[in-house]
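Here is a short set of exercises to work through with the model open beside you. Try each task before reading its solution.

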Amino acid sequence: MTATRAPKTLAAAARERRDIVSGEVMDEDRLIRFVVGPDQTVVPDLARKLPGRGLWVAADRVSVETAAKKGLFSRAAKSKLTPPVGLADQVEELMLRRLMDGLGLAKRAGDLISGFEKVASAVNAGKAAWVIEAADGAADGRRKILNVARRSPKPPQIFGLFAAEELGLALGAENVIHTAFLAGRGADRWTVDVRRLTGFRPLLPESWREEKPSEASGT
């Protein structure tokens, strides 16, 4: 007898949408939602809360650019829409802002710790889901933290796109270089947004690639 696929629950089915570029049905976490805004413009809705029918596109730069250039938003909406110039860049910027806001929320919830010793201790204990290193931090300090991360029983992932000043503003502190996002539901939610960002840019600065691979791995 041929095995049949178990039907999805309503909740699981509701999390799947069709990418208007490839036609593939995939989980919402792998997609960017857009809606029709004023004057028939295309508006990114990263939080998935804006009213109106969602137009879903795979979370990567090529897919967003293809949807804009080939009129796929208009086709999906059955209406003439005008995507803004540089839509993929706009999505990337909104995702970075969303990630930064997420760090601020995590700080207030007690899910973030900063400072070399505290971060190293959390990483050593396998409690850190992410190590967030300032993009402009000193290479020596970064090297030490990443070495600790590699030796951890649960190596964290590494994020390095925010400068120390940006992290300080988000976390209400000064000179924030080393930060750990502790494992938990908050980190899981943040990870979903980080994974969407990887379709638009790497998680480590280009300058880090000039270092030895053993000193700047982690993504």
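## Exercise 1: A helix pair

The crossing of α2 and α4 is right-handed, a term used when the near helix is turned clockwise from the far one by less than a right angle (anticlockwise is left-handed). Before you start, note that this is a predicted model, in which local features need pLDDT of at least 70, side-chain atom pairs count only at pLDDT 80 or more, and totals for chains, interfaces and linings use all residues. Residues are numbered from 1 along each chain as its sequence is written, and side-chain values use heavy atoms, with hydrogens and water left out.

Task: describe the angle of α2 and α4 and the residues that make their contact.

Solution.
- Step 1. Helices (H or I, at least four residues) and strands (E, at least two) are DSSP runs, numbered from the N terminus.
- Step 2. The axes of α2 (residues 61–69) and α4 (residues 87–109) come within 8 Å and cross at roughly 140°. Axes here are lines fitted to C-alpha atoms, for helices over the stretch in contact, with angles from 0 to 180 degrees between N-to-C directions.
- Step 3. That angle makes α2 oblique to α4; under 35 degrees counts as roughly parallel, over 145 as roughly antiparallel, 65 to 115 as roughly perpendicular, and the rest as oblique.
- Step 4. From α2, Arg 61, Val 64 and Glu 65 make the contact, and from α4, Leu 87, Ala 88, Asp 89 and Glu 92. Contact means heavy atoms within 4.5 Å.

## Exercise 2: The nonpolar cores

Task: find which residues have the most contacts inside the largest nonpolar core, and which element gives the largest share.

Solution.
- Step 1. A nonpolar core is a set of buried Ala, Val, Leu, Ile, Met, Phe, Trp, Tyr and Cys residues joined through side-chain atoms within 4.5 Å. Buried means under 20% relative accessible area, exposed over 50%, and partly exposed in between (1.4 Å probe, protein chains only).
- Step 2. The largest core has 42 residues, and those with the most contacts inside it are Phe 34, Phe 73, Leu 103, Ile 132, Phe 159, Phe 181 and Trp 190.
- Step 3. Elements giving two or more residues to this core include β3 (31–36), β7 (128–133) and α8 (185–197). The largest share, 9 residues, comes from α4.
- Step 4. Another core, of 13 residues, lies apart from it, with Ile 145 and Leu 204 among them.

## Exercise 3: Two buried residues

Task: place Glu 133 and Gly 137, and say what each touches, leaving out residues up to four places away in sequence.

Solution.
- Step 1. Glu 133 lies in strand β7 and counts as buried because its relative accessibility is 1%.
- Step 2. Among the residues that Glu 133 touches are Arg 142, Phe 159, Ile 177 and Trp 208.
- Step 3. Gly 137 is in the loop between β7 and α6 (139–151); at 13% relative accessibility, Gly 137 also counts as buried.
- Step 4. Gly 137 touches Arg 142 and Ile 177.

## Exercise 4: Positive phi

Task: are Arg 48 and Lys 78 buried, partly exposed or exposed?

Solution.
- Step 1. Most residues other than glycine have a negative phi.
- Step 2. Arg 48, with phi near 60°, lies in the loop between β4 (42–44) and β5. At 27% relative accessibility, Arg 48 counts as partly exposed.
- Step 3. Lys 78 has a positive phi of about 55° and sits in the loop between α3 and α4. Its 74% relative accessibility means that Lys 78 counts as exposed.
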